Amino acid sequence: MTTTILAGLTALLLLATGLSFLRVAHGFVRIFSFPRLQFLAVALVLLAIALATLPPSGWRWFIDVGLIVVIGVQATCIAQFLPVRRQQSVRFEGDPNGPDTVSVLSANIKQSNRNYAAALALADTADADLALFMETDQAWVDALEPLAARYPHVVRHPLENAYGMVLFSRLPLENVVSEYLVMEGIPSIVATVRLRDGQRFRLYCVHPEPPVPHIDSVGRDAELVKIASLVTGQKLPAIVTGDLNDVAWSNTTRLFQRLSRLLDPRVGRGFYNTFDARFFFMRWPLDHLFHDVRFRLVDMQRLPAGGSDHFPMYFKLGLARGPGDAEMPDEADESDREEARDITAEAKQLDRDPIGVDWES
């Protein structure tokens with residue numbers, strides 16, 4: 001019985017591991033990229049049980065080899081976020097509070113969460129130059145309005161479908177656009193930010209759809225591709241931040257990096273898992289910041305959830321005058337560009353409401 005159970009679980013883990021590499025824009029495929037840490041942990045436990053309890057046999061060979069393959073593949077996928085890998089974002093060597101720095105708070109507050117006081121306290125504690133709140137309906141926008149007393153620049157886009165956004169900035173904003181880049185009902189905020197020393201950069205605040213097993217993931221994938229094209233289509237340094245609803249190690253996030261050539265400060269530093277804040281055993285990194293090579297990392301922290309199902313992220317960066325000695329993502333090849341074109345073409349055919357509009361009702 002033990003052999004049968006272990007063999008069955010091994011086969012399932014092998015199947016899940018293989019599915020995670022398919023380049024198919026559907027939630028049933030994409031979700032297998034999320035729990036790599038959990039798959040790794042389960043495989044390690046099963047391998048220990050097999051080694052301790054099973055006698056030598058053909059099934060024992062299948063179980064041992066299968067679990068070792070799962071462990072090796074999953075560990076390889078997440079290893080880049082451990083200290084064994086060279087850090088992708090270079091450390092800022094200037095004044096951490098200088099006029100060429102910018103701090104960013106990215107917080108998915110969960111629309112049905114009504115702990116407004118915790119969100120206001122979070123903003124006070126972080127005291128970031130830019131504070132992005134996601135899943136903001138009108139009640140949340142009203143509750144956060146006291147922040148406008150110290151953030152003179154505010155972009156409000158409340159929605160009742162869990163895709164609302166509000167951006168607070170103490171730095172001047174120019175060329176602000178709040179629009180639906182891919183799907184109706186899913187806004188992004190794009191703006192040029194002017195630092196205290198006069199340097200400017202382009203900010204992209206995004207919150208695409210989550211992947212779910214029974215629906216395509218085209219909307220989310222296409223938004224990442226669209227943002228990458230916007231980044232590469234202008235000369236200013238760029239920062240992309242928000243709840244991307246994609247894990248840091250997925251095929252789609254790596255595709256986004258190859259297309260945009262933006263750096264991930266998590267690489268070489270840690271997972272910084274942000275979802276699900278309610279369950280310690282089921283967490284992965286969904287809330288991100290990617291930045292141009294001309295930025296350097298000053299600080300990065302995961303902050304208390306305050307009633308949300310996401311932990312907020314705090315980042316601080318310094319903008320240098322040149323690229324420095326950063327480890328760049330691989331360059332996009334023709335296969336990547338073809339995949340991006342296919343995703344974009346599929347997105348043009350979408351005719352459905354955004355995923356999850358009824359989750360917060």
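**Exercise 1. How many bridges join strand 3 to strand 4, and do the two run parallel or antiparallel?**

Solution. The model is predicted.
- Step 1: Find strand 4 at residues 165–169.
- Step 2: Count its links to strand 3; there are five bridges.
- Step 3: Take one example. His-153 has Ser-169 of strand 4 as its bridge partner.
- Step 4: Read the direction. Strands 3 and 4 run antiparallel.

**Exercise 2. Work out the strand order of the open sheet and find its edges**.

Solution.
- Step 1: List the six strands in order: 3-4-2-1-11-10.
- Step 2: Note the pairing, which is mixed.
- Step 3: Look at the ends. Strand 3 (153–157) and strand 10 (295–302) each have a single partner strand, so one side of each lacks a neighbour in the sheet.
- Step 4: Check the twist. On average, neighbouring strands are turned by 10° against each other, direction ignored.

**Exercise 3. Which strands pair with strand 1, and in which sense?**

Solution.
- Step 1: Go to strand 11. Strand 1 pairs with strand 11 over six bridges, in the antiparallel sense.
- Step 2: Go to strand 2. Here strand 1 has five bridges, in the parallel sense.
- Step 3: Use Ser-106 as a marker. Its bridge partner in strand 11 is Met-313, and its bridge partner in strand 2 is Leu-132.
- Step 4: Recall the general rule: strands of a sheet pair through backbone hydrogen bonds, either parallel or antiparallel.

**Exercise 4. Sort the residues of strand 1 by the way they point, and state whether they are buried or exposed**.

Solution.
- Step 1: Expect alternation. In a regular strand, side chains alternate between the two faces of the sheet.
- Step 2: Take one set: Thr-101, Ser-103, Leu-105 and Ala-107 point one way.
- Step 3: Take the other set: Val-102, Val-104, Ser-106 and Asn-108 point the other way.
- Step 4: Check the cover. Eight of the eight residues in strand 1 are buried.

**Exercise 5. What lies across strand 1, and what unit does strand 1 help make?**

Solution.
- Step 1: Find helix 5, residues 116–126.
- Step 2: Trace its position. Helix 5 lies across strand 1 (101–108), strand 2 (130–134) and strand 11 (313–319).
- Step 3: Read the angle; helix 5 runs at about 160° to strand 1.
- Step 4: Join the parts. Strand 1, helix 5 and strand 2 make a right-handed β-α-β unit.

**Exercise 6. Test the span of helix 7 and describe its cover**.

Solution.
- Step 1: Helix 7 covers residues 218–232, which is 15 residues.
- Step 2: At 1.5 Å a residue, it should span 21 Å.
- Step 3: Its end C-alpha atoms are 21 Å apart, which agrees.
- Step 4: Of its 15 residues, 11 are buried, including Leu-224 and Val-231.
- Step 5: Among the elements covering these buried residues are strand 6 (188–194) and helix 9 (334–348).

Methods: Residues numbered from 1 in each chain as written. Predicted model: local features only at pLDDT ≥ 70, side-chain atom pairs only at ≥ 80, totals over all residues. Heavy atoms only, no water. Pairing = 2+ DSSP bridges. Helix = DSSP H or I, 4+ residues; strand = E, 2+ residues; numbered from the N terminus. Axes fitted to C-alpha atoms, helices over the stretch in contact; angles between N-to-C directions. Contact = heavy atoms within 4.5 Å. Buried < 20%, exposed > 50% of the residue type's maximum accessible area, 1.4 Å probe, protein only. Right-handed = clockwise from strand over helix to strand, strands pointing away. Expected span 1.5 Å × (residues − 1).
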